[in-house]
Structure formats: structure tokens, C-alpha cells
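I opened this notebook page to follow one helix pair, then a neighbouring helix, and last the contact of two chains.

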Amino acid sequence: MRKFKEFIIEKLILACGVASIFFVVLIFLFLVKEGLAVFRSVSFSHFMFGHKWYPISEPPHLGILPLILGSILVTIGAAVISVPIGVGCAVYIAEIAPLRVKEILKAGIELLAAIPSVVLGFVGMVTLVPLVKNIFHLPTGLTALSGSVMLAFMAMPTIVSIAEDALYSVPKNYKEGAFALGATHWQTIWRVMLPAASSGIVAAVMLGIGRVIGETMAVMMITGNAAILPKSILVPVRTLTATVAAEMGEAVVGSEHYFALFAIGIVLFVISFMINVTADLFLHRRP
Amino acid sequence: MVTFDIKDLSVQFGHIRALKKVSLAIHANEILSIIGPSNSGKTTFLRMLNRLNELHVKYRMEGAIRIGEDGLFRVDVELLRKRVGMVFALPLPLPFSVFDNVAYGVRMHGEKKKKSLDERVQKALQEAYLWEEVKDRLGESAFKLSGGQQQRLCIARTLAVEPEVILFDEPCSGLDPISTAKVEDAMLKLKSRYTIVLVTNNVKQAARVGDRTAFFLGGELIELDATEKMFTAPGDQRTDDYIRGKFG
């Protein structure tokens with residue numbers, strides 16, 4: 001009887017394990033099947049590097065270059081803002097802050113991670129967007145810059161918590177060794193702690209960026225959604241994710257437009273996958 | 001040459017009393033060995049001398065320490081740690097080349113000129129009796145050296161910033177007998193120019209290299225005398241028991 005119970009439980013757990021992989025594979029296959037269909041009507045290079053995204057004109061123009069550049073621009077902007085602040089915050093929490101401040105800051109960071117992205121988008125829309133508009137005297141504040149700033153807030157919790165972990169796990173000996181040579185606190189941080197934690201910090205940055213690339217709601221609300229080739233960070237852009245979210249409801253099932261949106265899904269999948277693999281490589285590179 | 005004068009030093013970490021009213025003097029150009037079982041406070045004592053205990057959050061101390069003529073806490077702490085170098089129990093090479101490891105502290109204190117860096121690295125490696133073994137491998141990763149070589153590399157790194165005192169915290173605990181002998185050799189030769197304080201778990205090591213030996217037990221200094229006397233006619237029964245290996 002006990003053996004039988006053991007057998008059942010083992011198989012149940014096995015089923016759970018297999019199920020998760022099974023669903024991932026199903027989703028992936030479906031994505032590929034629907035997405036690749038677009039290349040019956042558009043060539044690969046035309047799809048990836050075409051300048052025009054007019055999916056419902058006749059004939060449709062399905063070039064996603066403006067969308068890719070939109071995503072990249074917003075992401076780079078977000079990284080430029082969130083990486084220095086995030087890593088700085090991690091250093092402060094791990095190395096400098098007194099115990100009580102540390103607790104408060106960590107709780108605050110977790111709270112930041114808990115804000116739903118639609119709320120961030122909404123808050124950005126009524127506060128940040130008019131601010132950007134007034135500062136740069138623009139016709140509209142719905143720009144790539146606004147998106148970058150908001151997304152920086154979303155990337156920050158990931159970057160801070162993983163980078164802080166990495167700093168925390170630097171062997172105590174390294175720090176003592178540096179101090180014993182007469183290093184100041186800052187020299188110890190800059191020349192010993194940060195280099196020793198570098199792989200973890202790079203992973204933190206990659207995962208933060210991964211979060212930004214995949215984010216949809218906030219960017220859709222505040223980047224302006226104009227599918228044009230962006231010439232600066234102060235113009236409206238449209239990201240890959242926002243395109244899929246905005247247009248999927250209207251696309252006729254089986255149309256070229258519909259397939260093109262799935263193909264965008266594949267592109268996003270490949271980008272996220274590469275970022276995660278890079279992060280993973282750095283995380284496990286500990287010598 | 002620098003000396004230490006310690007009066008009624010007590011140290012607490014939280015509720016744990018690590019040192020109780022320890023008073024002793026450290027003379028210039030001697031090797032003072034400190035022996036005692038684990039948790040006897042010997043490492044805490046050593047780390048007082050370069051104020052490394054202060055990294056511990058709940059640390060508290062009482063008593064007075066003088067370095068030369070100055071109060072220990074009146075000296076700028078970075079300058080103090082430059083004057084009072086330390087070699088740790090486990091060799092701790094940084095993930096750089098042999099050269100960069102030795103040049104590390106020197107660069108940190110502001111030396112940039114290639115030529116004088118070269119000179120100081122070579123001098124430090126010679127003093128640590130490592131130069132002959134590594135002079136053709138300066139560009140290699142420090143991790144490629146053997147354990148004993150790594151420990152002497154750490155000694156060289158400490159010497160390169162030109163300290164006056166060197167604290168050794170069980171420097172041979174992870175080394176084989178031959179490497180240990182080489183590190184001990186280096187220590188004996190360094191004595192002429194530096195003051196050395198050696199904490200060791202190895203009683204025989206204290207007998208081999210120490211001019212004077214101090215015995216710590218439970219945070220108290222039990223006995224301090226010339227090494228020869230300590231090992232032939234100790235004044236306290238507990239010292240005798242420990243040296244004979246009856247406990248600890």
C-alpha cells in the first residue's frame with residue numbers, strides 16, 4: 001500500500017514537471033507555426049528591415065524596423081537611467097547603509113516591484129508626459145524618453161536586488177584584505193567589491209533589460225505609438241510589444257496582418273531568450 | 001621603529017567578551033608569537049592593532065593602545081593600516097596577475113610611475129623570498145601559484161606598501177610543512193626591519209620563530225615571556241598543559 005502511494009505521488013510530480021515543459025513547447029510551436037506563415041507573402045529581409053508598418057493598407061506594408069528601433073531606443077534609454085542608479089543603490093544597501101536604513105530601502109524596492117505596470121503607465125501619463133512636453137517644448141510629451149524613464153522604474157527593483165545579492169556574496173576576506181592594505185571604504189568598493197561581483201551585476205543588468213523589453217502596458221500608454229523610424233529620443237515611438245497588444249484585437253484571423261503580429265512575437269521571444277541566456281552565462285561564470 | 005603599548009584592553013562583540021583586560025607591550029624588531037586554543041581572543045587581539053575589528057557591527061572596546069608615542073585612535077585609520085600590515089590565514093590572491101597583486105596596494109596609495117612600481121614590486125617579492133620563483137611569471141594569474149607561493153605573494157603585497165609592523169594571523173594553517181618552512185624563513189629574515197606579531201595554532205611554530213611568546217586563554221593573557229623560558233619552564237600550570245597538548 002505504501003509502495004503504491006509512493007508510486008502515485010511520484011507519477012503526479014512527474015506529470016507536473018512534464019506539464020510545464022509541454023505547455024511551453026506547445027506555445028512555442030503555435031507561435032512559430034502562425035508566425036512563419038507571414039513569410040509566404042513577405043520576404044524575411046523585407047519584414048525585418050522594411051521601413052513601413054501599414055498593416056491594413058492595400059497591399060499591406062509589413063516592415064517592422066520602426067518597431068524594432070522603437071523597442072531598442074526605449075530600452076537603451078531605460079538602461080542608461082536605471083543601471084547607474086540601480087547599481088549605486090545596490091552598493092549603498094550592501095555596503096554603506098546602516099542596518100535600519102537598509103531594511104527600509106529593501107522594503108521600498110520590493111514595493112516598487114509590486115506596482116502594476118498599468119498604474120506606472122497611468123501615473124507617468126499624468127505627471128511625466130506633461131513635464132517632458134514642457135521641458136523640451138514639444139508638441140507632445142508622449143515620447144520614447146517618457147517611456148524610458150517609466151521603464152527605468154520597472155527595471156530598477158530587479159537590478160537592485162540581484163546586484164545587491166552579488167555584492168553581498170563577495171567573500172568577506174576580500175574586503176578585509178583591502179582594508180588591511182590601507183584602502184579607504186570607497187577604494188575597497190570600487191577596486192575590490194565591484195570587480196569581484198561583476199558577473200552578478202552584469203546578470204542583474206541583463207535581467208533588468210529583459211524586463212524592459214518585454215514590458216507592454218506602460219509603454220503603450222506613454223510612448224505615443226507612432227510607427228515611424230525614430231530620429232531622436234524626443235519623438236513618439238512604437239515598440240514591438242505595444243504593437244502586438246494594440247493590434248491583435250483588430251487583426252482578421254488568418255490575414256497577413258495576423259501572421260505578422262505572430263512573427264513579431266517570435267522576434268520578441270528570440271530577443272528575450274538571448275538576454276536571459278546571456279544573464280545566465282554571467283551568473284554561472286563564478287570562477 | 002614602532003612599538004605597541006596595550007593597557008587593560010577589553011573587547012566585546014555583542015554579549016560575547018572576546019578580550020578581558022589584556023595589558024602587554026610589543027617591542028620593536030621582535031617576533032611576538034601568540035598561542036592559545038580557539039576562542040582565546042588571540043585573533044581579536046591581533047585585529048585590534050590595525051583596527052580591523054571595527055568592521056564588526058556590534059564591536060565595543062575599552063582600554064588604551066599606543067602605537068609609538070601616539071594613541072592608536074588618533075592616527076588616521078588608513079595610514080595606520082598602511083603602517084601595520086596584515087597577512088591572513090588563507091592566502092588571498094586577487095584575481096589579477098602576480099605583478100598586479102603586489103602592485104595593488106602601492107597603486108592604491110597613489111603610486112603611478114611604472115619604474116618605481118617595478119622597483120617596489122621586485123623589492124617586495126625579494127623580501128618575501130618569492131622573487132626567484134616568480135620572476136619569469138609576473139604576468140601569470142596569481143591563482144596558478146602553489147598555496148605556499150600564494151601566501152608569500154600575500155606577504156609581498158603587504159610589504160610593498162612599506163609597513164613598519166606585520167601582523168600574521170595563522171599564516172601557515174593551510175600550508176604543507178615545506179611551504180610552512182619557507183614562510184617561517186621569510187619571517188625570520190624580515191625581523192631585522194619589521195616588528196612582527198604572529199598568531200598561530202601551531203605551538204611548535206611559536207617555539208621556532210618567536211622571540212617572546214604570549215599565551216591567551218578565554219580572552220585573558222595568561223603568561224608572556226621569552227620563548228625559551230615559556231617552553232622550558234612556564235610559570236603557569238595552564239601554559240604548561242597547553243604546550244604539552246593536554247587541552248586545546
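Entry on the helix pair. I listed the contact of α9(A) with α12(A) and found that A:S199, A:G200, A:V202, A:A203, A:M206, A:L207, A:I209, A:G210, A:I213 and A:G214 of α9(A) meet A:L268, A:I271, A:S272, A:I275, A:N276, A:T278, A:A279, A:F282 and A:L283 of α12(A). I sorted the residues of this contact by class and obtained 12 nonpolar, seven polar and no charged. I keep in mind that the model is predicted.

Entry on geometry. I looked up how the helices pack, and α9(A) and α12(A) have their axes 8 Å apart at an angle of about 165°. Angles over 145 degrees count as roughly antiparallel, and therefore I describe α9(A) as roughly antiparallel to α12(A). I also noted that the crossing in which α9(A) passes α12(A) is left-handed.

Entry on helix α11 of chain A. Which residues of this helix, residues 240-247, are buried? I found A:L240, A:T241, A:A242 and A:T243. I then looked for what covers the buried residues of α11(A), and the cover includes α9 (198-214) and α12 (256-283) of chain A, along with α3 (65-96) and α10 (217-222) of chain A.

Entry on the two chains. I looked up the contact and found that 12 residues come from chain A and 16 residues from chain B. On the side of chain B that touches chain A, at least two residues each are supplied by α2 (77-83), β6 (84-87) and α3 (98-108) of chain B, and α2(B) gives the largest share, three residues. By class, I recorded nine nonpolar, four polar and three charged residues on the side of chain B that touches chain A.

Methods
Residues numbered from 1 in each chain as written. Chains lettered and ligands numbered in written order. Predicted model: local features only at pLDDT ≥ 70, side-chain atom pairs only at ≥ 80, totals over all residues. Buried ≥ 20, exposed ≤ 12 C-beta atoms within 10 Å, placed from the backbone. Helix = DSSP H or I, 4+ residues; strand = E, 2+ residues; numbered from the N terminus. Contact = placed C-beta atoms within 7 Å. Nonpolar A, V, L, I, M, F, W, Y, C, P; charged D, E, K, R; others polar. Axes fitted to C-alpha atoms, helices over the stretch in contact; angles between N-to-C directions. Parallel < 35°, antiparallel > 145°, perpendicular 65-115°, else oblique. Left-handed = near helix turned anticlockwise from the far one by under 90°.
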